[in-house]
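Visitor: I am new to this structure and would like to go through it by questions. Please show it first.

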Amino acid sequence: MNSLSSESRFHSLPFSLNHKFNPVSLPKDLPDREWRHSCVPCQKMELFAVLCIETSHYVAFVKYGRDDSAWLFFDSMADRDGGQNGFNIPQVTPCPEVREYLKMSPEDLHSLDTRRIQGCARRLLCDAYMCMYQSPTMSLYK
């Protein structure tokens with residue numbers, strides 16, 4: 001096992017030779033003990049959008065209301081008019097079935113047969129690329 005610290009090993013790699021290491025200092029009034037657990041309050045975030053990609057075509061799932069089933073599927077390239085020189089026709093489709101999958105435990109989700117997932121939810125669960133969260137308590141719009 002290499003006795004060098006992880007930052008020393010990183011800074012010895014060819015692509016990081018010119019990188020300057022600057023240690024991060026904590027505020028002086030922050031307690032020395034396990035400050036992450038005692039001083040930083042936990043914040044519960046809620047999922048409000050998921051960006052999905054399959055072969056360079058992005059689509060999105062977006063929550064549009066407070067209800068758990070208020071999910072929409074947005075596809076900016078759902079249809080096309082005019083051939084090669086034409087334009088894309090976007091489509092927005094309600095997909096309330098997403099709620100059932102988002103309420104499942106990780107174990108139940110893992111045991112799902114993806115071929116049996118109905119509707120838009122299959123795309124959500126198989127092609128999710130980026131999840132976006134918001135704080136319900138810090139939201140400017142309610």
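Guide: A definition comes first: two strands count as paired if DSSP finds at least two bridges between them. The model shown here is predicted.

Visitor: How many bridges join β1 to β5?

Guide: β1 and β5 run antiparallel. One bridge partner of this kind is A128 in β5, which faces C52. Pairing needs at least two bridges, and the count for β1 and β5 is 6.

Visitor: Which strands stand at the edges of the sheet?

Guide: The sheet is open, has 5 strands with antiparallel pairing, and follows the order β4-β3-β2-β1-β5. An edge strand has a single partner strand, so one of its sides is left without a neighbour in the sheet. The strands in that position are β4 (87–94) and β5 (128–134).

Visitor: By how many degrees are neighbouring strands of this sheet turned against each other on average?

Guide: The strands are taken in the order β4-β3-β2-β1-β5. With direction ignored, the average turn between neighbouring strands is 25 degrees.

Visitor: Which element supplies the largest share of the largest nonpolar core?

Guide: This core has 14 residues, and V50, F61, W71, F73, C95 and V98 touch the most other members. At least two residues each come from β1 (46–54), β2 (57–63), β3 (71–81), α3 (98–102) and α5 (121–127). The largest share is 3 residues, and the element supplying it is β1.

Visitor: Is the aromatic pair of F61 and F73 stacked, tilted or edge-to-face?

Guide: F61 lies in strand β2 and F73 in strand β3, 12 residues apart. F61 is buried at 0% relative accessibility, and F73 is buried at 11%. Their ring centres are 5.0 Å apart. Planes under 30 degrees apart would count as stacked and over 60 as edge-to-face; the angle here is 50 degrees, and the pair is tilted.

Visitor: What kind of aromatic pair do Y58 and Y129 form?

Guide: Y58 in strand β2 and Y129 in strand β5 are 71 residues apart in sequence. Y58 is partly exposed, at 40% relative accessibility. The ring centres lie 6.2 Å apart and the planes stand at 70 degrees, so the pair is edge-to-face.

Visitor: Is T55 buried or exposed?

Guide: T55 sits in the loop between β1 and β2. Its C-alpha atom is 9.9 Å from that of D127, a residue 72 positions away along the chain. Exposed means over 50% relative accessible area; at 72%, T55 counts as exposed.

How values were computed
Residues numbered from 1 in each chain as written. Predicted model: local features only at pLDDT ≥ 70, side-chain atom pairs only at ≥ 80, totals over all residues. Heavy atoms only, no water. Core = buried A, V, L, I, M, F, W, Y, C linked by side-chain atoms within 4.5 Å. Buried < 20%, exposed > 50% of the residue type's maximum accessible area, 1.4 Å probe, protein only. Helix = DSSP H or I, 4+ residues; strand = E, 2+ residues; numbered from the N terminus. Axes fitted to C-alpha atoms, helices over the stretch in contact; angles between N-to-C directions. Phe/Tyr/Trp six-rings, centres within 6.5 Å; stacked < 30°, edge-to-face > 60°.
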